[in-house]
Structures are given as structure tokens and as C-alpha cells.
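Please look through the sequence and the model shown here before reading on. The report below moves from the whole chain to a few single residues.

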Amino acid sequence: MHIVVARSENLRGIVTVPGAKNSVLKLMAATLLAPGRYRLTNVPDIADVDTMCELLSAMGVSSTRVGTHELVLEHSGDIVPVAPFELVDRIRASINVLGPLLARFGRANIAMPGGDDFGSRPIDLHVMGLEKMGATFDLDRDGVRATASDLHGAHVELPFPSVGATENILMAAVLARGVTTIDNAAREPEIGDLCSMLVDMGAKISGIGSDQLEITGISPDELRAVDHAVVSDRVQAATYIAAVAVARGDVVVAGARAEHMEMLVTRFSEMGVDITPVEGGLRVVSTRRLTSIDFSTLPYPGIATDYKPLLVGMLAVAEGVGVATENLYPGRFRYVDELVKLGANVRIEGHHAIVRGVDTLVGAPVSAPDIRAGAALVVAGLAAEGETVISNVHHIDRGYDDLVGRLAALGADVSRR
Ligand code: EPU
């Protein structure tokens, strides 16, 4: 299966942004904290959700999809706290079961997490925080075996605001004895979404949305299953904005939350895209060639590393020279070789990509190296003469809910073959 894109102009209509992958996977992990029946709505129809369902099912939480965007999860209380390699290897978010398992069952046995391959992705910060809370770890090449007979509150200061470490420490703290504070916590909207579901379940959390979370542990019987609507996906929203930016047009991105992507909206505007809030979303108008900018990736509220391939794709056809600096994943420039196959003029120097805009790209066979880079190749294909044929689209399917159908509905010349 390939995604085939041809040059497209003047996208029009309304596209609805689905729920966020990087929220729903954590909300699903949180169901390990308390037995009962959970109903998640606005669930994206993506492969990673299916993998997480399999992982939870292997541990004893069953799941049923209701329609395309609803998921019912049943935690019966009978849990095996072991996450097998063949499932963990497929998604990085499988490490998110660590905190809930330790908190609820006092032990966890997890193979080493996989996910996108853009360099080393250690879990030392997860381990450091949970050790401070009384957990003990036995780590080797096969995975993580952790135990905690008396998980207790602690003051955890993260040297870097890791998304995954914040989430694991947070979920463990919900049932730990006493108060846990997390300083320099990650502040991504998806963490706010997780906090909001945990609070509905009965957790006591303050400082939500800030870089300092305070969690007062409660007893397991105070926690209950809930219904929750997944926050909309800011990276998918950004993808549709980028598509309009390069192909030009006038599109309403319904469900896009300006307050979750302020910095990005500012940078897109500097490039010449006109973005205005409308009822329930953002209206995106692009009428002229983009202007280059320089940008750096940073933890939230900075420009997310997940937006970077989209921005580099936009710079590839913009007027002037732009420098993209990657501060999170040193290896996350692999897709640049693919953009170059489309005629982009990009040079890598250390953790910078120097992008000299060209008038037009030219379609070619390319391969999706990971989720976000794959989507960026689809977007770049909209600005390329001839056909861009993207292989390895299973990466895109991990995180994008019908990218092709949604773009085609806006008038883009894109299909799966
Ligand atoms: N890091 C450490 N030690 C740790 C944890 C992280 O050194 O214990 C380093 C990582 O190696 C990396 C950086 O810190 O260089 C960022 O890691 P973080 O823990 O913040 O990210 P994550 O939880 O592994 C999530 C998203 C990623 C997204 C990053 C950054 C999920 C499932 N994944 O990963 O999303 O890029 O935050 O925003 O939530 C994607 O969706 O395509 C994706 C890769």
C-alpha cells in the first residue's frame, strides 16, 4: 500500500481534527488504575490505539470499539502486570503502563519500549522519579522489572520536562501514600487532558497546566472508572494547516484549539498563512508563496518536535532561507533525505537543517521514516509537480486518522493505492 499525491491547489472546505494520539494512549493506560467500565470518546481511528488495546488486553483490560471514534474499556480487577515484548516494541507509549501498574499492583514487568526510530530514547527520568517514590528497578536489555511495596509521595525535580516521565510519575502518585510534587513537569495539553480524566476519577491534583504538579495520594477504593472525551490533536491540526499553507486555499480546521498551539500559529502567520479563530476551530487562508523563518524545537509551549517535519516541508518551498534547529531528538532529521529526493534544498549541520526554498518540488518515490515525517511528505507532495509515491505508510497510519480521506475531501489529489 502506498499514498500517491499529485500537485494540488486551492484546498477548500472543513476538516475535522480527531482526538490526540499522545493523549488517548495515556488515558487508556490510566484505566489500569481502577476497575470498572471506561468510555472514551473522540478516540482517533489509528493503529497505535489498536496496539494499546492489544497490550491492555494482554494484561486483563478488555476493549470494544463502538462505531469509529468511541472505545469502551473494561478493567475487571484481574490484572497480570506484564507487558510483552511483541506489543511494547510497537509503541513507545507502552512505557506509560509502568506508573499505573506500580501504583495499583506494586509491580510491573515491561519489555523495553519501541516507537519511532529517531535516536536513543532512554527512560532514566521515569526511573529516577519512581525510585524517589520508593520503587526499585531491575533494568537490563530485555526490559524493566519494577516493584514497590510502599509507594510514597516525594519531591521530584525533572532535569528535563519529559512528557512520558511526567505522566508515569503523575499516575503513580495518584495512589501513592502522601504528597508528590513534580517540578519542571512537562506541560503539554495532552498531560492536561490526562490530569482532567484522573481528577474525574477521584485523583487530587493541583497545578494542572503548569510546570509544577502537586498530587495528594488517595486510596484505591476512592478511584472510579469514568467517561472522557479525548482532547483534539494539535499535531494533526497543524498538518492540515500546513497542507493549506503549501497548496493554498481557504479551510476551516474544526476542533483545532488555538490555545494549544499559540506559538505555532504565530510562526505560521510569520510565514504568510492567515489563521483566525472561528467558532469551534481555526480558519486558515493561504494565498501566496510562504516566507522562510528560523525556528527551534522546544518542550511545550515551544514549537513541538512533532511539528518540525511539517515546517521543514513548508520551508522547502518558501521564499528565502530558513534554519530549523532540533533540540529534542538529535536523530530526527532522517526524513530530510526523502525531501531532497523531491528536489528540496536542505543541508544538515549538527542539529540544524538549513533550508533554501525552491520554486517547486518534483514528485518522486519516497519512504515514510516515521509518523510525523511521513505526514510531512504527504504535505510536501501537494507542492510537487507530478506524482509523489510514499511507501511505508504504516508509519503514518500509526498516528493519523484517515489523512488521505480528509485531504481528498478538501480537494487534494491524494489516494491510497
Ligand atoms: N528523555 C530522556 N530520559 C527520559 C525520558 C526522555 O533522556 O527518561 C529524552 C528523550 O530521549 C528525548 C526527550 O527527552 O530526547 C523527549 O522525551 P519525552 O519523554 O519528552 O517524550 P516521550 O514521552 O518519549 C512524547 C511523544 C512524542 C513527542 C515527545 C516530545 C508520546 C507517545 N510520544 O514522547 O511523540 O515527540 O513526547 O514532545 O506521547 C509522535 O507522536 O510522533 C511522537 C514521537
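Helices, meaning H or I runs of at least four residues, and strands, meaning E runs of at least two, are DSSP runs numbered from the N terminus. In this predicted model, Asp402 is found in the loop between α13 (394-399) and α14 (403-409). Although Asp402 is not a glycine, its phi is positive, at about 55°, and with a relative accessibility of 44% the residue counts as partly exposed.

**The whole protein**

The protein contains 14 helices and 26 strands. Its radius of gyration is 21 Å, close to the 22 Å that the globule rule gives for 417 residues, so the protein is as compact as a globular protein of that length. Taken along the principal axes, the box filled by the C-alpha atoms is roughly 65 × 45 × 35 Å. Of the 417 residues, 58% are buried, and the accessible surface of the protein comes to about 15,200 Å², of which carbon and sulfur atoms account for 49%. If one takes the contacts between residues at least 6 apart in sequence, 74% of them join residues at least 24 apart. The side chains include 37 positive and 52 negative ones, and the centres of these two sets lie 2 Å apart.

**Residues in loops and in a helix**

The table gathers the relative accessibility of several residues, together with the class that follows from each value.

| Residue | Relative accessibility | Class |
|---|---|---|
| Ser8 | 3% | buried |
| Ala34 | 0% | buried |
| Gly302 | 12% | buried |
| Arg267 | 19% | buried |
| Asn184 | 29% | partly exposed |

Why does Arg267, at 19% relative accessibility, count as buried? The class of buried residues takes in relative accessible areas under 20%, and Arg267, at 19%, therefore belongs to it. Arg267 lies in helix α9 (residues 262-270), where its side chain makes a polar contact of 2.7 Å with the side chain of Glu270. Beyond its neighbours within four places in sequence, Arg267 is in contact with Ile293, Asp294, Phe295 and Ile303.

Ser8 sits in the loop between β1 (3-6) and β2 (11-16). A polar atom of the Ser8 side chain lies 2.8 Å from the backbone nitrogen of Asp413, and Asp413 also appears among the residues that Ser8 contacts beyond its neighbours within four places in sequence, along with Ala247, Leu382 and Ala412.

Ala34 is placed in the loop between α1 (21-30) and β3 (36-41). Not counting residues up to four places away in sequence, Ala34 touches His75, Arg104, Met201, Leu223 and Arg224. For one of these partners, Arg104, the separation from Ala34 is 70 residues in sequence, while the two C-alpha atoms are 7.7 Å apart in space.

Gly302 offers another pair to consider, since Gly302 and Asp337 are 35 residues apart in sequence and 26 Å apart in space, C-alpha to C-alpha.

**Backbone details**

Gly302 has its place in the loop between β18 (295-296) and α10 (308-316), and Pro301 is also found in the loop between β18 and α10. The peptide bond that joins Tyr300 and Pro301 is cis, with an omega of about 10°.

Asn184, found in the loop between β11 (179-183) and α7 (189-201), has a positive phi of about 60° although it is not a glycine.

Terms used
Residues are numbered from 1 along each chain as its sequence is written. This is a predicted model: local features need pLDDT of at least 70, side-chain atom pairs count only at pLDDT 80 or more; totals for chains, interfaces and linings use all residues. Side-chain values use heavy atoms; hydrogens and water are left out. The radius of gyration is taken over C-alpha atoms; the globule rule is 2.2 Å times the number of residues to the power 0.38. Buried means under 20% relative accessible area, exposed over 50%, partly exposed in between (1.4 Å probe, protein chains only). Contact means heavy atoms within 4.5 Å. Accessible areas come from the Shrake-Rupley method with a 1.4 Å probe; for residues, only the protein chains shown count as cover. Lys and Arg count as positive and Asp and Glu as negative; His and the chain ends are not counted. The place of a charge is taken as NZ of Lys, CZ of Arg, CG of Asp or CD of Glu. A polar contact is a pair of N or O atoms within 3.5 Å; within protein, one must be able to donate a hydrogen and the other to accept it, and residues adjacent in sequence count only if both atoms are side-chain atoms.
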